[in-house]
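Please open the structure in your viewer and keep the selection panel at hand. The stops below are meant to be followed in order.

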Amino acid sequence: MNDFKIRRMTVIAMISAIAYVLMVMVRIPVVMFLKYEPKDIIIVIGGFIYGPMAAFVASLLVSFVEFFTVSDTGVIGLIMNVLSTCSFACTAAFVYKAYKNIKGAVTGLVIGTIVMCGMMLLWNYLITPLYMNVPRQEVAKLLLPAILPFNLLKGTLNSVITFLIYKPVVKALRRAKLVATTENSSPEKRNIGVVVVALLLFVTCILAIFAFRGII
């Protein structure tokens, strides 16, 4: 195992641990069962450093550890956490990987927020009735007045904070020799994170068509 892989594994492990700690320490109720947690900030920073695959791995790690420790939403919460974080962090990391400048970072964060909001509208429509044990029509009434504003707020906060702290975090990691000066430009051999997000988007689009036609 070369030095790059060791550093990457170390940084991803650190990012996952910090994201988990932040999630435990900062859980702010916003509306209904929805809570704001800043873990996505740390995960998308990892994605900016190492690409969408790193964001995907960190998303899974944090969501599974949360599920087995502090989660009170069970398997449904686990699924929604993975969907939300991956749609935001992996999308933003994918765009930033293609355009590694300030414009690319801002564009990636904006697109990530939009993708997350769209996906969570549909997935809440599909899954939340199972969690709340209410008819789907009742959940549909909450999508625009509650769920959409929550995800917009969450995505905007995470984007702004990520934009402000990304460079200082990377500089600190470089001083600690965990991230090399040219690490950001290292290509990924397997863009599994991109494939996963593309698959989620595809499934979401298919389900959206079914929902629009009243099949589900």
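Which residues form a positive surface patch? The model you are looking at is a predicted one, and in it the patch is formed by K167, K171, R174 and R175, so select these four residues as a first stop, bearing in mind that a residue enters a patch only with over 30% relative accessible area and no salt bridge. One member of the group, K171, is found in helix α6.

Keep helix α6 on display and select residues 136–175, which make up this helix. At L143 the helix has a kink of about 65°, and the proline P145 comes shortly after that point. If you then move past the end of α6, you come to K177, a residue with a positive phi, near 60°.

For the next stop, select helix α1, residues 3–25, and pick out I18 within this helix. I18 counts as partly exposed because its relative accessibility is 42%, a value that lies between the limits of 20% for buried and 50% for exposed. Add K39 to the selection and compare the C-alpha atoms: those of I18 and K39 are separated by 7.9 Å, although the two residues are 21 residues apart along the chain.

Now leave K39 selected and turn to charge pairing. Side chains of opposite charge can pair when their charged atoms come close. The structure holds six salt bridges, and a network of such bridges links R27, E37, K39 and E66, so that selecting these four together is a useful way to follow the contacts one by one, given that each bridge requires a nitrogen-to-oxygen distance within 4 Å.

Begin with R27 and E37, whose side chains meet in a salt bridge at 3.1 Å, N to O. This pair links distant parts of the chain, since R27 is in the loop between α1 and β1, whereas E37, ten residues apart from it, is in the loop between β2 and α2. R27 counts as partly exposed, at 26% relative accessibility, while E37 is buried, with a relative accessible area of 8%.

From E37, continue to K39, which forms a salt bridge with E37 in which the closest N and O atoms are 3.6 Å apart. What does the side chain of K39 meet in a salt bridge at 2.8 Å? The partner is E66, and because K39 lies in helix α2 and E66 in helix α3, the pair ties together parts that are 27 residues apart in sequence. Both K39 and E66 are buried, with K39 at 2% relative accessibility.

Terms used. Residues are numbered from 1 along each chain as its sequence is written. This is a predicted model: local features need pLDDT of at least 70, side-chain atom pairs count only at pLDDT 80 or more; totals for chains, interfaces and linings use all residues. Side-chain values use heavy atoms; hydrogens and water are left out. The bend at a residue is the angle between axes fitted to the seven residues ending there and the seven starting there. Helices (H or I, at least four residues) and strands (E, at least two) are DSSP runs, numbered from the N terminus. Patches are made of residues with over 30% relative accessible area and no salt bridge: like charges are joined within 9 Å, nonpolar side chains (Val, Leu, Ile, Met, Phe, Trp, Tyr) within 5 Å. Accessible areas come from the Shrake-Rupley method with a 1.4 Å probe; for residues, only the protein chains shown count as cover. Lys and Arg count as positive and Asp and Glu as negative; His and the chain ends are not counted. The place of a charge is taken as NZ of Lys, CZ of Arg, CG of Asp or CD of Glu. Buried means under 20% relative accessible area, exposed over 50%, partly exposed in between (1.4 Å probe, protein chains only).
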